[in-house]
Structure formats: C-alpha cells, structure tokens
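Student: I should like to learn how to read the features of a structural model in a sensible order. May we begin with the chain as a whole and then turn to single residues?

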Amino acid sequence: PGTCRPVTASGRFVRLGTASMRSEPGGPFIDANKLDFDRYCRRQHLAKVLMDFIVYHDHNPKRALELAAKSTEFLEYKDWWWKARLGKCYYQLGLLRDAEKQLKSSLATQEMVTTYLELGKVYLKLDQPLAALSVYQKGVDSHPYDTHLLLAMARVHDMLNDMEKSVVFYRRTLELDASNVESIACLASNYFYEDHPEIALRLFRRLLQMGVNNTELWNNLGLCCFYASQYDTTLNCFERALALATDDNMADIWYNIGQVAIGIGDLGLAYQAFKVAISVDSGHSESFNNLGILELRKGNVEQARTNFQTAARLAEHTHEPLFNGALLAFKLGDFQESFTLTAKALQVYPDHAESQELKRQLKQHFTSL
C-alpha cells in the first residue's frame, strides 16, 4: 500500500547495544558478567557508577577488578580513584600486598581520607596495628579536622588494650564533633570500668537526649544507676531494656538483673533472673556459673557441680567456673579433680591469686600423703 513505510534496522541495533544493561524479570538488575568493559572505560562518568554498583551491590570483586584495571590503563595510571578501587578489590579478594601497593600509589597521586582508612584496614588484616597507626597518623597530619581518622586510631589503641591513648583520641574526636555517638559511648564505658559510674551515667544520659534508644543503652544506664547508688531508677532502666530486648540480648539483661539482685541481697530474685537468662539462651555460661553458686548456697551440691561443668564447657576462655568447680571438689575431698580444674584455671588466667593459693594447698596435701 502507498501508506506503508520501509522498515529500518536502526532501532533494533540500538536495542542490541543496550541489551546487556537490560534487566530480566526475576533476574539481576545488571548482569556484570555480560558487560563489555572496554566500551564503558571510554565513558568514565558511567564507569564509576557501574564500578560502585558491582562492588557494593553485586559484591563481585573479580569483575570489579577487571573494570578497575581497564579504566586505570585507559587513564594512563593517573587517576587516584581507580587505583583506590583496585586496592579495594584486591582487599576483598584477599590479595593484601597488592591492595597495599595500589592504595599507596593512590595516596601518592592524591591524599584522601578514605584511602588512608582503606590502607589502615589492609595493615590490620595483615596483623600490623602499628603500621595502621602510622598510616592513620599521616592522614591526621594531612587532614587534622577529620574525625574518621581519629576514631580509627582510637579503635586500634582500644584493640591493643591501650585505653589511655584510646581515650585521648576519643576526646579529640568529641572536640571536633560533640555529637559523635561512638566516642561518647566509649568514654562512658571507660569511666564505668574506672569506678566513675556517676560520670558514665551523665554520658549515657547524653546519648539518650540525642535520640539513641536501644536495649544496650538502657542496660548500661541501669548498671550505672546501681553502682552510683541510685537504686530507685535501676530497675526502671532494666524494665525499659527488657521492653526493647530481642532474643539475642535478652539473656544479658536478665543476667545483669541477677547481678543487681545479688548486690541488694535479694537472692530469690537473682535465682529467678539467672534461670530466665539460661531459658532464653541455653549457652549463657555466666548465668550457669552464678546459678551454680546460688545452688551451692541452697545445699544442692550435685546441681551446683553440674552448673559449673556446663559453664566451663560453654566458655573455655573463662576461669571462674573452673575455679569454682575446683574449690567445690576440694571441699568434697576430691583432690585429684580439684588439682586438674585448678591447673586449667591457671592456664586461662595465670595470675589468678585464689587459684594459685588453692594449687599451693593441694601440693602441700599431696606432699604430706
């Protein structure tokens, strides 16, 4: 007919060109395995978006590495961003030395805070915390007002159990950002364990004023109130904590309630709290240990021994149930079992004075036989 138009093939070619980016029903939004990265390297604004999609959404570091390598080569190895992404891909693939090399090259081209943080993670993965601290310090020298680097240094010092330096960096972070939740929480915990519950209570209340409302915060508030002798608000805080608790942390809340109950002399409440804790989490070793002590006070020797054995089996890194079991065996006259448990307790905690004294008494007893 005269009204018909000839069919053109241009539209079909356009669709073929974009077919690799088209999502299929029920399939991935973008299938990175079908992409031709050589084409995208020439369109850098699209390549960078695609790179982050593959890294953060698809979690496909192998394909991301191919794109980063081709883009770096296309830009003649002068772009710091692609070098940093190469380092990230190598890190995710476990090639830590290659990641270190690329991140250092990126920093030589352009000093960026995120690159310093990535390089620090590489050194931490290599179990070189001092090298990580050195990298973070260089970053702080270049960017003295960035809180991320200060927080990273504080975390590393905390991991090294150097609390004094860790507190210094947390305070420096708060000087720059007074609403940093992590710094406030860590300082509060440090004050609590240094026997300053009143100051810790002020800091935890500050977090509450900032809008933080979770189980852990109310639990910490309850403990601070108890050790600051504010008994009237202690149980109210634990009630709030239980209202927000999930199965993952409810056992810890009941365990702390039991500790508070022991502190005020209400052993009945303590017994019930520890029972509830192990009913929520059958692997809560601390509750089993304390429950064993309460059973021993009631005269239930066999139940106490069973609880101590369960606690020791669930948490081999703790010395308390081992020592308690050893002391119980010593009082029952089972000196061989007592000696075995004491030796295990001293393996876990060699400086435990009570275990050392019990071992000395056992040796004297064996010598006299």
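Tutor: The discussion below goes from the overall fold to selected residues of this predicted model.

Student: How many helices and how many strands does the secondary structure of the chain contain?

Tutor: A count of secondary-structure elements is a useful starting point. Here the chain has 21 helices and zero strands. Its radius of gyration is 30 Å, well over the 21 Å given by the globule rule for 369 residues, so the chain is more spread out than a compact globule.

Student: What does the C-alpha trace span along the principal axes of the chain?

Tutor: The extents are about 110 × 55 × 50 Å. They can be read together with the radius of gyration of 30 Å.

Student: What share of the residues in the chain is buried, and what share of the contacts joins residues 24 or more positions apart?

Tutor: Burial and sequence separation are read as two separate quantities. Of the 369 residues, 41% are buried. Among contacts with a separation of 6 or more, 43% are between residues 24 or more positions apart.

Student: What is the accessible surface of the chain, and how far apart are the mean positions of its positive and negative charges?

Tutor: The accessible surface is about 21000 Å², and carbon and sulfur atoms contribute 52% of it. The chain carries 40 positive and 44 negative charges, and the mean positions of these two sets are 9 Å apart.

Student: Let us turn to a single site. Is T215 buried or exposed?

Tutor: One compares the relative accessible area with the cut-off for burial, which is under 20%. T215 has a relative accessible area of 4%, so it counts as buried. This residue belongs to helix α13, which covers residues 215-227.

Student: Which residues does T215 touch beyond four places away in sequence?

Tutor: T215 touches A241, L244, A245, N249 and I253. With L244 there is also a polar approach: a polar atom of the T215 side chain lies 2.9 Å from the backbone oxygen of L244.

Student: Where is L244 placed, and how far is it from T215 in sequence and in space?

Tutor: L244 is in helix α14, residues 231-244. It is 29 residues from T215 in sequence, while the C-alpha atoms of the two are 5.4 Å apart. L244 is partly exposed, at 35% relative accessibility. Apart from neighbours within four places in sequence, L244 is in contact with N213, N214, T215 and W218.

Student: Which residues does N256 touch, leaving aside those up to four places away in sequence?

Tutor: The contacts of N256 are with N219, L223 and F238. N256 itself sits in helix α15, residues 250-264. Because its relative accessible area is 12%, N256 is classed as buried.

Student: How should a distance along the sequence be compared with a distance in space? What are the two values for L119 and V260?

Tutor: The two distances should be stated side by side. L119 and V260 are 141 residues apart in sequence and 44 Å apart in space, C-alpha to C-alpha. For R202 and L221, the separation along the chain is 19 residues and the C-alpha atoms are 9.3 Å apart. R202 is found in helix α12, residues 197-209, and is exposed at 63% relative accessibility.

Student: What surrounds L119 in its own part of the chain, and in which helix is its place?

Tutor: L119 is in helix α7. Not counting residues up to four places away in sequence, L119 touches E100, L103, K104, L107 and V135. The relative accessible area of L119 is 3%, and therefore L119 is buried.

Student: Finally, which backbone feature should I note at Y77?

Tutor: The sign of phi deserves attention. Y77 is a residue other than glycine with a positive phi, near 60°. It lies in the loop between α4 (61-74) and α5 (80-93). With a relative accessible area of 52%, Y77 is exposed.

Student: What is the phi of D127, and where does D127 lie?

Tutor: D127, although not a glycine, has a positive phi of about 60°. It is located in the loop between α7 (113-125) and α8 (129-142). D127 is exposed, its relative accessible area being 65%.

Technical notes. Residues numbered from 1 in each chain as written. Predicted model: local features only at pLDDT ≥ 70, side-chain atom pairs only at ≥ 80, totals over all residues. Heavy atoms only, no water. Helix = DSSP H or I, 4+ residues; strand = E, 2+ residues; numbered from the N terminus. Buried < 20%, exposed > 50% of the residue type's maximum accessible area, 1.4 Å probe, protein only. Polar contact = N/O pair within 3.5 Å; in protein donor to acceptor, adjacent residues only side chain to side chain. Contact = heavy atoms within 4.5 Å. Rg over C-alpha atoms; globule rule 2.2 N^0.38 Å. Areas by Shrake-Rupley, 256 points an atom, 1.4 Å probe, with all protein chains shown as cover. Lys, Arg positive; Asp, Glu negative; His and termini not counted. Charge placed at Lys NZ, Arg CZ, Asp CG, Glu CD.
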